[in-house]
Amino acid sequence: MTNAVVDTVLHSLQDVRMDRPEDAVHGLVDTEEGLMVISAHSICDNDLRDAEGFLVVGRLMNDGAAREISDTIRSETVIYPVSCCSTPGLDQASWRAVVDNGTTLFLIESDTTMSSYRAVRGIDGSVAGVIKVQADRDLYAQAVSFLKVIIGELVVVSMVFCAALLVLTDRFTTRRLDRLSRQVKDISSNGGLTEKIEMDGADELTHLADELNRSMETIMAMSKALAESEKRYHAVVNDQTEFIFRMDENGGMRFANKALLSFLSMDEGTIVHKDLRELCTNAQYEDLMVNCRKASATGEAVVTDQMYTRPGDPSERWMSWTIRCIPDEAGNLEYQCVGRDLTGQKEAENALAMANKKLNLLASITRHDIINKLTVAHGFVTIARAGVADVRSASHLSKAEAALRSIEGCLEFTRDYQRMGLDAPMWIDVRGSIDQAAAAHRLEGIRIATDIEDLEILADPLVEKVFYNLIDNAQQHGKVVTDITISGNVKDEGLLLTFEDNGVGIPAEEKDLIFQAGYGKNTGYGLFLAKEIVTSSGMTIAETGEDGKGARFEIFVPLGKFRRPSEVIPSGSTA
């Protein structure tokens with residue numbers, strides 16, 4: 001060790017107090033030979049009272065000392081004097097940050113090592129050097145492990161805190177919630193919505209209990225109203241004479257009213273376990289299910305008539321079923337079927353049809369026989385008139401012949417009246433039908449003018465008889481008729497057909513009487529039959545002329561009962 005080094009060490013100790021036995025100092029000194037670690041201690045006399053001087057022990061921090069430190073801490077250590085001003089691996093700016101600011105600098109030097117740089121101060125308090133410690137990066141893992149320990153401790157602390165919080169929550173909240181839950185559960189299991197939830201205090205749980213009590217009161221009121229409604233519904237359904245039942249989409253029976261239960265000789269407890277297949281034939285079941293699917297698809301009620309055979313009863317009955325699909329909120333389908341027993345009605349209709357058939361046959365045979373006898377009578381009257389010269393006798397024969405013609409008219413009326421309604425209404429060409437009716441008359445001195453566009457009316461096929469009788473009425477009773485005008489006027493509300501003449505007209509007091517059966521000078525059935533045919537076709541007829549100026553008959557055809565042939569779409573084509 002040179003004197004210069006000794007002087008540097010002593011110079012660094014000149015401000016350090018070393019006059020007491022306990023005075024001592026340790027630290028680094030930057031010398032010209034490098035950093036030196038020194039330890040100075042006062043030297044006392046024998047009585048240990050006064051310091052006689054001090055002893056300094058020092059060691060240069062050369063490579064050998066650095067290796068010893070590295071071996072001791074198991075990390076490569078290098079100490080750089082501050083006079084170096086820099087070090088390998090550390091730029092000037094980083095060096096100044098460490099020296100001037102006392103910053104501890106960590107650098108990742110490679111994938112396996114990292115280094116830390118920190119300034120070390122000397123005995124006088126100034127920076128004497130920079131120590132570099134290079135270590136494997138397992139220190140990072142150790143640091144992470146350390147952090148995990150810290151985090152674990154924090155977790156433990158948090159758990160302790162949470163446990164304490166849970167204890168407090170259990171005492172002030174959870175127990176009260178459990179009590180509230182038990183009361184709600186008891187009310188739910190007992191079904192006693194009239195019971196009250198009791199909760200002390202004046203907090204949110206008490207408010208919740210009050211709200212639950214009010215909700216249960218509302219539910220109870222709604223339940224009572226629903227029960228009353230259900231009771232009234234069942235009373236209404238059970239009082240019906242129609243057969244009513246409900247089933248699921250697979251045919252499982254859900255409900256049947258008393259009328260159906262009585263008809264099937266079953267009770268309600270038995271039928272709800274039945275399948276529809278067990279209550280009817282396969283054909284009837286398939287027909288009902290097809291119509292059920294149709295009701296489901298359209299959302300509308302579907303009506304179907306079918307023959308029904310009751311299990312164990314070979315007799316057949318006519319039933320008319322109205323089927324409606326009622327889906328629930330979950331999308332499950334239920335069908336309500338309302339059936340009427342039409343057996344009595346069908347039997348009555350069949351009996352009536354048979355009676356009408358017999359009456360029509362009797363009337364036809366009787367009319368045919370009477371017409372034959374009238375023909376014979378006409379022949380005898382004609383022969384008698386040829387051989388009678390007496391005017392009075394000839395007059396009697398003329399009256400007898402008129403009576404025979406009147407009887408023929410009555411027979412013709414019965415034939416037409418019998419045919420009325422037997423055939424379905426059909427579209428009839430108005431102008432063509434009027435022309436045919438006019439052609440059937442011998443109109444000497446009477447001109448007919450027709451002003452009707454190309455129209456068709458939906459009416460009984462006997463409507464031509466109406467036109468015939470109106471023309472005949474003008475000819476027979478108009479007395480001075482020379483013109484008959486027939487017109488058609490389409491209005492917003494319908495079609496108005498008008499038959500008017502220039503005859504004597506009809507008195508006001510007779511305008512309604514002329515349509516009554518038997519009123520008039522001849523048979524009295526012409527206009528009566530005309531009104532019956534018009535009315536049965538859904539139309540109306542009235543006489544609106546003025547007495548002395550001619551008769552005027554108006555036939556009103558409502559919308560839907562007339563059309564223009566040009567507007568008809570041919571079958572099989574599309575508009």
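Trainee: What makes S13 and strand S15 (residues 456–459) a pair, and over how many bridges do they run?
Mentor: In this predicted model, S13 and S15 are joined over four bridges, in the antiparallel sense. Two strands count as paired from at least two bridges, so the requirement is met. Within this pairing, aspartate 429 stands opposite glutamate 456 in S15.

Trainee: What sheet do S13 and S15 belong to, and in which order do its strands lie?
Mentor: They belong to an open sheet of three strands, ordered S13-S15-S20, and the pairing is antiparallel.

Trainee: Why are S13 (426–429) and S20 (562–563) called edge strands?
Mentor: Each of these two strands pairs on one side only. A helix accompanies this sheet: H11 lies across S13 and S15, and its direction makes about 65° with S13.

Trainee: Why is H11 called oblique to H12?
Mentor: Helix H11 (residues 430–439) and helix H12 (residues 463–477) pack at an angle of about 50°, and their axes are 8 Å apart. An angle under 35 degrees would count as roughly parallel, and one from 65 to 115 as roughly perpendicular; the angle here fits neither class, so H11 is oblique to H12. The crossing of H11 and H12 is right-handed.

Trainee: Which residues make the contact of H11 with H12?
Mentor: On H11 they are Val430, Ser433, Ile434, Gln436, Ala437 and Ala438, while H12 contributes Glu464, Phe467, Tyr468 and Ile471. By class, the residues of this contact are seven nonpolar, two polar and one charged.

Trainee: How do you know which of those residues is the charged one?
Mentor: The charged class holds Asp, Glu, Lys and Arg, so Glu464 of H12 is the charged residue in this contact.

Trainee: At what angle do H12 and H13 pack, and how far apart are their axes?
Mentor: H12 and helix H13 (residues 526–536) pack at about 145°, with axes 9 Å apart. The crossing of H12 and H13 is left-handed. From H12 the contact takes Val463, Lys465, Val466, Asn469, Leu470 and Asn473; from H13 it takes Gly526, Leu527, Leu529, Ala530, Ile533 and Val534. These divide into eight nonpolar, three polar and one charged.

Trainee: Why does Gly526 of H13 belong to the polar group?
Mentor: Gly is counted among the polar residues under the classes used here, so Gly526 joins Asn469 and Asn473 in that group.

Trainee: What is the strand order of the sheet that contains S4, and how are its strands paired?
Mentor: That open sheet has four strands in the order S4-S7-S6-S5, with antiparallel pairing. Its edge strands are S4 (76–81) and S5 (105–108), each pairing on one side only. From one strand to the next, the twist averages 20°.

Trainee: How do you know that S4 and strand S7 (residues 127–136) pair?
Mentor: They share six bridges in the antiparallel sense, and at least two are needed, so S4 and S7 are a pair. One of the bridge partners in S7 is glycine 129, which is matched with proline 81.

Trainee: What joins S1 to S2?
Mentor: A hairpin does so, through two residues. Strand S1 (residues 24–31) and strand S2 (residues 34–44) pair in the antiparallel sense over eight bridges, and alanine 24 stands opposite histidine 41 in S2.

Trainee: Why does the approach of glutamate 554 to threonine 544 count as a polar contact?
Mentor: The two side chains come to 3.5 Å. The cut-off for such a pair of N or O atoms is within 3.5 Å, so the distance qualifies. Glutamate 554 itself lies in strand S19 (residues 552–558).

Key:
Residues are numbered from 1 along each chain as its sequence is written. This is a predicted model: local features need pLDDT of at least 70, side-chain atom pairs count only at pLDDT 80 or more; totals for chains, interfaces and linings use all residues. Side-chain values use heavy atoms; hydrogens and water are left out. Axes are lines fitted to C-alpha atoms, for helices over the stretch in contact, and angles run from 0 to 180 degrees between N-to-C directions. Angles under 35 degrees count as roughly parallel, over 145 as roughly antiparallel, 65 to 115 as roughly perpendicular and the rest as oblique. A crossing is left-handed if the near helix is turned anticlockwise from the far one by less than a right angle, and right-handed if clockwise. Contact means heavy atoms within 4.5 Å. A polar contact is a pair of N or O atoms within 3.5 Å; within protein, one must be able to donate a hydrogen and the other to accept it, and residues adjacent in sequence count only if both atoms are side-chain atoms.
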